[in-house]
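Me: I would like to work through this structure step by step, with a reason given for each answer. Shall we start once it is on the screen?

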Amino acid sequence: MRRELMNYFRLIPFSAVMFFLAASDLQAALVDGIKAIVSDKVITYAQVLQFTEPAEIVLRRQYADDPQTFNQKFSQALDDSLEQLVERQLILHDFNNSGYKFPESLLDELVQQRIRERFGGDRITMIKTLQAQGMTVEEFRKQVRDQFIENYMRRNKTGADKIFVSPYKIESYYLAHQDDFKVEDQVKLRMIVLKKDSPDDTNTVAIADEIRQKVKEGATFAEMASVYSQGSQQHEGGDWGWVGRSVLRKELADVAFSLKAGQMSDVIQTPDSVYLMYVEQTRPAHVRPLNDVRDDIEKTLRTQEQARLQKEWIDGLKKKTFIVYY
């Protein structure tokens, strides 16, 4: 029945379609072109472009040298934005039909909060910024209202308080996803990094030899690292914690994983730096125990169930609301 209505709607002359739209929606539709109609609300191409703008900026930066991939990604972003705007109108329609009331006092409070967050509390700055974006204060207030309603309805309909993740589900997920919890061979590593002045710098190598000798004579590696290292972990005594091979560059990984617990490396040279490494402990590849990952699994399952409930809710709204795409 719904499909028949949609097909029928497409056959109605454009002027007749406009008859059913509010005046403001009619003007926007005529200027921008319609991308979708949800109940009696129009979503225009300009609205989709505006909604997609933040993603477009990121995509242009990522694919500056690959216009073909940019066009593909941007096209997908436009489709995603349209669907999000459709969902927002569905949710707003459901909010209005459910008899909810939105107090003006709450909206005033939310707008003031947004002004503080985005414009430092300066209303003049807000107005100038909105004008530069082609937006009125009333449109800004409506945007704040709609975003709040959408977030409220999503939480209310599919919130975490509605979801219970049983220990059985956590354990079942853990057993079914063992590969996700595998950990490669690891070493508990400390490292001293000395930067060379040039590839032929021998003075830095000599300093590293002196440091190594001091450690052999009884100085702690951590103490030497905190004094001499130029690496990012200097103030932690060169402590890198537990690391796998993939964390280190190959020439360093090969040495680190050849050492036993309590062993220090020889001086290692690269074109730009000199390294000393000390392995405190070693740990073979293993699967992380359930207790270590229980909270992470619960978050994953909660997120999955929340997404399922949200899709179920949105699909239900789509079935009972008139929608047409262009």
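Me: How many of the 10 residues of strand S4 are buried?
Reply: This is a predicted model, and in it strand S4 covers residues 186–195. The strand is mostly covered, and the number of its 10 residues that are buried is nine.

Me: Which residue in S5 is the bridge partner of Lys188?
Reply: Strand S4 pairs with strand S5 (residues 239–244) in the antiparallel sense, over five bridges. The charged end of Arg283 sits over the ring of one S5 residue, 3.9 Å from the centre of that ring, which belongs to Trp242. In S5, the bridge partner of Lys188 is that residue, Trp242.

Me: Which residue in S8 is the bridge partner of Leu194?
Reply: S4 also pairs with strand S8 (residues 273–283), again in the antiparallel sense, and here over 10 bridges. Within S8, the bridge partner of Leu194 is Val274.

Me: Is Gln89 buried or exposed?
Reply: Gln89 is found in helix H5, which spans residues 67–97, and beyond its neighbours within four places in sequence it is in contact with Val38, Lys41 and Ile43. Its relative accessible area is 16%, and because buried means under 20%, Gln89 counts as buried.

Me: What kind of aromatic pair do Tyr100 and Tyr152 form?
Reply: The structure holds seven aromatic pairs, and in the one formed by Tyr100 and Tyr152 the rings are 6.3 Å apart, centre to centre, with 85° between the planes. Because planes over 60 degrees apart count as edge-to-face, the pair of Tyr100 and Tyr152 is edge-to-face.

Technical notes: Residues are numbered from 1 along each chain as its sequence is written. This is a predicted model: local features need pLDDT of at least 70, side-chain atom pairs count only at pLDDT 80 or more; totals for chains, interfaces and linings use all residues. Side-chain values use heavy atoms; hydrogens and water are left out. Helices (H or I, at least four residues) and strands (E, at least two) are DSSP runs, numbered from the N terminus. Buried means under 20% relative accessible area, exposed over 50%, partly exposed in between (1.4 Å probe, protein chains only). Contact means heavy atoms within 4.5 Å. Two strands pair if DSSP finds at least two bridges between them. Rings of Phe, Tyr and Trp (its six-membered ring) pair if their centres lie within 6.5 Å; planes under 30 degrees apart count as stacked, over 60 as edge-to-face and the rest as tilted. A charge sits over a ring if NZ of Lys or CZ of Arg is within 6 Å of the ring centre and within 35 degrees of the ring normal.
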